[in-house]
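Dear colleague,

I am handing over the structure we discussed, and I would be glad if you could look through it alongside the notes that follow.

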Amino acid sequence: MSCICEGRVAIVTGAGRGIGRSHALELAREGAHVVVNDLGSAVDGMGTDRGPAQVVVEEIRAAGGMAIENIDDVSTWPGAQAVVASAIESFGRLDVVVNNAGILRDRMIVNMTEEEWDDVIRVHLKGTFGPTHFAAAYWRERSKAGEAVDARVINTSSTSGLFANPGQSNYGAAKSGIATFSIIAAKELGRYGVTVNAIAPGALTRMTEALSGSRAAPQVGEWNERAPENIAPLVTWLASPESAAVTGQVFLVSGGRIAISTGWGRGPGVDRGARWEPTELGAVVQKLIAEAQS
Ligand code: NAP
């Protein structure tokens, strides 16, 4: 059976653990050469460590795949530039960027610190923008040089942002921002042969284990609907040439379920063709909300 990502070069950010690790392993299994990016910081977010990225690279190589490790912090401008450069220097090209790196600093708005807000917005939003920016500049250059570019950006949103989870205003704002960023990027980059899509995954990882309650773990060999490995097939298909016609989509993916997020849309409206008085608007707004909910 042929591999659907044969010879493609892919970066996966935050690939040392959890969902990103599974993306890297599956992409490599399907023939991609993978840059396994992971900061390898401690639970408190401090320091860097080659460990997690190196372990995944060794796993890929042991299975006969090709991978290199990278410990740049993708939430910084130089880090984002360096991870893109490392793919091109090591493998001679770049076809796919999977922006997956993420952190959580959950807190109600009244208790949230400036640092907790800034860290989450930086790692998720800037950590998605930076690698996309440097990869897009590279693909634009190739496209203008006359090459047939067939490239992919796959970003990571969350139902926390799409469906608004209390206690996660920083994370949810970043994740709904990533969904919108993906749709805008799809519109901007299509002309260079680049598709951009996002996933909102659900899986049991270090990030979600505190929220998972007391559900019993499945027995060995049993279907585990919370396994991070369940997210990787869709990402690997999106990374492949087969997905060339799919762009600007946000996919909800968890266990064996895949759904399309239909996102923001224009609901019921009213136009009086003249300026409203504020005192008139109570009844108008109530009527619109009722129409939207019916
Ligand atoms: P995870 O196991 O904590 O993995 C996140 C990875 O991102 C870690 O390996 C972490 O590295 C890395 N990372 C963090 N900041 C980084 C940076 N600045 N540069 C490079 N790497 C960085 O969590 P996960 O559940 O797999 O999450 C993966 C993605 O899915 C995240 O974007 C998350 O928000 C999203 N997501 C997950 C779920 C879920 O159900 N698990 C639901 C919705 C969305 P170190 O810790 O080693 O430094």
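Helix α2 (residues 51-62) lies across β2 (33-37) and β3, running at about 175° to β3; contact here means heavy atoms within 4.5 Å, and angles, from 0 to 180 degrees, are taken between N-to-C directions of axes fitted to C-alpha atoms, for helices over the stretch in contact. Helices (H or I, at least four residues) and strands (E, at least two) are DSSP runs numbered from the N terminus.

Please note that this is a predicted model, in which local features need pLDDT of at least 70 and side-chain atom pairs pLDDT 80 or more, while totals for chains, interfaces and linings use all residues. Residues are numbered from 1 along each chain as its sequence is written, and side-chain values use heavy atoms, with hydrogens and water left out.

The strands form an open sheet of 8 with mixed pairing, in the order β3-β2-β1-β4-β5-β6-β7-β8, where pairing requires at least two DSSP bridges between two strands. Its edge strands, each paired on one side only, are β3 (66-70) and β8 (257-260).

As for the ligand, 31 residues surround it, of which D38, S41, Y171, T205 and R206 come nearest, a residue being near if one of its heavy atoms lies within 4 Å. A polar side-chain atom of T205 lies 2.5 Å from a ligand oxygen atom, and a backbone N or O atom of N100 lies 2.7 Å from an oxygen atom of the ligand; both are polar contacts, that is, pairs of N or O atoms within 3.5 Å.

Best regards

Terms used. Polar contact = N/O pair within 3.5 Å; in protein donor to acceptor, adjacent residues only side chain to side chain.
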